[in-house]
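Biologist: I'd like a close look at one part of this model, the way its helices pack. Please start there and then work outward to whatever else is worth pointing out.

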Amino acid sequence: MKTVRTVLGDIAPERLGVTDAHDHLFFAAPAFAGQELDDPAAAEAELAAFRAVGGAAVAQWTPFGLGRNAAGLPALSRAAGVHVVAATGLHQAAHYAPALLDRLRSDGLAAFFTAELAEGMLAGDDPGGPRGGAKAGMIKVAGMFHGLDGHTREVMTAAARAHHATGAPIGVHHEMGTAAVDVLALLHGELGVPVTSILLGHLNRFPDSGIHRELASSGAFLAFDGPSRAHHATDWRLLDCLTELAAAGHTDQILLGGDNVLASARASTGGSPGIPYLLRVLRPRVAAALGEDAAEAILVANPARAFAVEWR
Ligand SMILES: [Zn+2]
């Protein structure tokens, strides 16, 4: 039986409900110093605000080592009444101290990801620290700008092995929305990950509908996760991109998320757009452009399929 692995346990996919398929409650990286998402009270308020506008589930794509607060997520999810799917995996090498990556490598990346999915995530960012209890429900990996480097290939190869061991879906950060064709060739073509377990992220940041249709023809999920200040220049193309995919028959592969990754993007502490924006502003526009049934599929049925796994 397929289930979605949330931080409060495995649930039937039809219980997931209206889902923000790519967002962040916690995120801390040296590149974003001073903009850390590290406030549990603010995260709870953000989740509650999302619930108040009809939200039922958030997939947090923060991988290991970037302050994802694995230990705190179950209590937050319970308090806010919102399902949370958490991630194992790794971001680009630039986000980590080289010594930390060396240590993870020496212990075996694939085994590390697999244990976080099957046994429980490490509570903190110390690879030698205790497990916090909650299991990851997805693997986050990242590409580079218009290509892949040694680190991102190594992480994707380990993610594919962890997928084959557990069944977990793999969510991909594409730098500026690029290199998704290379990622599919590696994860699916070379490493045999089924396309239905691949969630291609940030495609809104590279609004080339020809490439989107090519990617969609593979059968993979396509995540459009914006808007954001950093990628505002492409945000006005979002609805056009979705409309073109829907017209080509790919509505059932579209996922939507907010990817609010900085403290200044958190609505509950006065920033914007914030997680509720997805339902408050974007959903009505998607419904107007693609129809109510498509909006419902994109926010409910599609994520339920994307995160549902026959866990092994
Ligand atoms: Zn993200």
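**Helix crossings, then the sheets**

Modeller: Let's begin with H9 and H10, which are oblique to each other (under 35 degrees counts as roughly parallel, over 145 as roughly antiparallel, 65 to 115 as roughly perpendicular, and the rest as oblique). Before going on, this is a predicted model: local features need pLDDT of at least 70 and side-chain atom pairs count only at pLDDT 80 or more, while totals for chains, interfaces and linings use all residues. Residues are numbered from 1 along each chain as its sequence is written.

Back to that pair. Helix H9 covers residues 238-247 and helix H10 covers 277-290, and their axes come within 10 Å and cross at roughly 40 degrees. (Helices are DSSP runs of H or I with at least four residues, strands are runs of E with at least two, and both are numbered from the N terminus; axes are lines fitted to C-alpha atoms, for helices over the stretch in contact, with angles from 0 to 180 degrees between N-to-C directions.) The crossing is right-handed, meaning that the near helix is turned clockwise from the far one by less than a right angle, whereas anticlockwise would be left-handed. On the H9 side, Leu239, Leu242, Thr243 and Ala246 make the contact, and on the H10 side Arg285, Val286, Ala289 and Leu290 do. Two residues are in contact when their C-beta atoms, placed from the backbone, lie within 7 Å.

Now move to helix H4, residues 109-118. Its axis and that of H5 come within 8 Å and cross at roughly 45 degrees, so H4 is oblique to H5. H4 passes H5 in a right-handed crossing. From H4, the contact uses Leu109, Ala110, Phe113, Thr114, Leu117 and Ala118, and the H5 residues include Val155, Ala158, Ala159, Ala162 and Ala165.

H4 has a second partner. The axes of helix H3 (residues 98-107) and H4 come within 6 Å and cross at roughly 85 degrees, which makes H3 roughly perpendicular to H4. Leu104, Arg105 and Asp107 of H3 meet Leu109, Ala111 and Phe112 of H4.

Zoom in on Ala162, which belongs to helix H5, residues 150-166. Ala162 counts as buried because 26 other C-beta atoms lie within 10 Å (20 or more makes a residue buried, 12 or fewer exposed, and in between is partly exposed, with C-beta atoms placed from the backbone). Setting aside neighbours within four places in sequence, Ala162 is in contact with Ala110, Phe113, Thr114, Leu117, Ile139 and Ala168. Ala162 is also 7.0 Å from Ala111, C-alpha to C-alpha, though the two are 51 residues apart in sequence.

Ala159 is worth a look too. With neighbours within four places left out, its contacts are Gly89, Phe113, Ile139, Val141 and Ile170. The largest nonpolar core has 98 residues, and Ala159 is one of those that touch the most other members, along with Ala86, Ile198, Leu200, Leu222 and Leu255. (A nonpolar core is a set of buried Ala, Val, Leu, Ile, Met, Phe, Trp, Tyr and Cys residues joined through C-beta atoms within 7 Å.)

Away from the helices, there is an open parallel sheet of three strands, ordered S3-S4-S5. Strands S3 (19-23) and S5 (83-85) sit at the edges, each pairing on one side only, and the twist averages 20 degrees from one strand to the next. Two strands pair if DSSP finds at least two bridges between them. S4, residues 57-60, pairs with S5 over three bridges, and S3 and S4 pair over three bridges as well. Val58 is a handy landmark: Val84 in S5 stands opposite Val58, and so does Asp20. Ala57 and Ala59 point one way from S4, Val58 and Gln60 the other way, and all are buried.

Another open sheet has three antiparallel strands in the order S2-S1-S12, with S2 and S12 as its edge strands. S1 (residues 3-6) pairs with S12 (residues 308-309) over two bridges, and Thr3 stands opposite Val309 while Val4 faces Ala308. On the S2 side (residues 9-11), S1 pairs over three bridges, Thr6 stands opposite Gly9, and a hairpin of two residues joins S1 to S2.
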